[in-house]
Amino acid sequence: MEPTVHPFSELFAQLGLPDDSASIQQFIATHSPLPDGMRLEEAPFWTPAQAQLLREERLDDADWAMVVDRLNVALHDSPA
């Protein structure tokens, strides 16, 4: 069976954040770039529950790990 690929919108919904395209783009623009040495789940803007979800999904669930990694890259990149 092939792994499920989740879009950003599903991850944002899981995090309890607005999950429409404009809101996702605004969130990334507002919170990027994260410092090079900072892990995604260590960013100061997450609630403890959000940070825990990101940590668990990255470590425990290959289906979600891909989209969490994409979010990590997006937040570490400098905005255009």
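## Close-up views of a four-helix model

**View 1. Val-5 is an exposed residue, with a relative accessible area of 57%.** The model shown here, and in every other view, is a predicted one. Val-5 sits in the segment before α1. Look across to Met-66: along the sequence, Val-5 and Met-66 are 61 residues apart, yet their C-alpha atoms are 7.3 Å apart in space.

**View 2. His-6 counts as buried, at 12% relative accessibility.** Like Val-5, which belongs to the segment before α1, His-6 is found in that segment. The cut-off for buried is under 20% relative accessible area, while exposed means over 50%. That is why Val-5, at 57%, is called exposed and why His-6, at 12%, is called buried. Which residues does His-6 touch, setting aside its neighbours within four places in sequence? They are Asp-63, Trp-64, Val-67 and Arg-70. Another pair worth finding is His-6 and Val-68, which are 62 residues apart in sequence and 9.4 Å apart in space, going from C-alpha to C-alpha.

**View 3. The whole protein has four helices and zero strands.** Walk along from the N terminus and the elements go α-α-α-α. The C-alpha trace spans about 35 × 25 × 20 Å along its principal axes. For 80 residues, a compact globule would have a radius of gyration near 12 Å, and the protein agrees with that, at 12 Å. Of those 80 residues, 34% count as buried. The protein exposes about 5000 Å², and 54% of that comes from carbon and sulfur atoms. Now take the contacts between residues at least 6 apart in sequence: 61% of them join residues at least 24 apart.

**View 4. Helix α2 (residues 21–31) has a buried side and a face turned away from that side.** The buried residues in α2 include Ile-24, Phe-27 and Ile-28. Why do they end up on the same side of α2? Because they cover an arc of only 95° around the axis. In general, an α-helix has 3.6 residues a turn, so residues three or four places apart point the same way. Turned away from the buried side is the face that carries Ala-22 and Gln-25, both exposed. Confidence is also highest in α2, at a mean pLDDT of 97.

**View 5. The loop between α2 and α3 (48–60) holds Pro-33.** Pro-33 is joined to Ser-32 by a cis peptide bond, with omega at about 0°. Pro-35 is found in the loop between α2 and α3 too. Is Pro-35 buried or partly exposed? Pro-35 is partly exposed, with a relative accessible area of 47%. Pro-35 and His-76 are 41 residues apart along the chain, and 6.9 Å separates their C-alpha atoms.

**View 6. The largest nonpolar core has 20 residues.** The ones with the most contacts inside this core are Phe-8, Leu-11, Leu-40, Trp-46, Leu-54, Leu-71 and Leu-75. Which elements give two or more residues to the core? They are α1 (8–14), α2, α3 and α4. The most comes from α4, which gives six residues.

**View 7. Leu-75 is one of the core residues with the most contacts inside the core.** Leaving out residues up to four places away in sequence, Leu-75 touches Phe-27, Ile-28, His-31, Ser-32, Pro-33, Leu-34, Leu-40, Phe-45 and Trp-46. Some of these have turned up already: Phe-27 and Ile-28 are buried residues of α2, and Ser-32 and Pro-33 share the cis peptide bond.

**View 8. Confidence among the helices is lowest in α4 (residues 62–76), at a mean pLDDT of 91.** Over the protein, pLDDT averages 90, and 92% of the residues score at least 70.

Technical notes:
Residues numbered from 1 in each chain as written. Predicted model: local features only at pLDDT ≥ 70, side-chain atom pairs only at ≥ 80, totals over all residues. Heavy atoms only, no water. pLDDT = per-residue confidence, 0-100. Buried < 20%, exposed > 50% of the residue type's maximum accessible area, 1.4 Å probe, protein only. Arc of directions from axis to C-beta. Core = buried A, V, L, I, M, F, W, Y, C linked by side-chain atoms within 4.5 Å. Contact = heavy atoms within 4.5 Å. Rg over C-alpha atoms; globule rule 2.2 N^0.38 Å. Areas by Shrake-Rupley, 256 points an atom, 1.4 Å probe, with all protein chains shown as cover.
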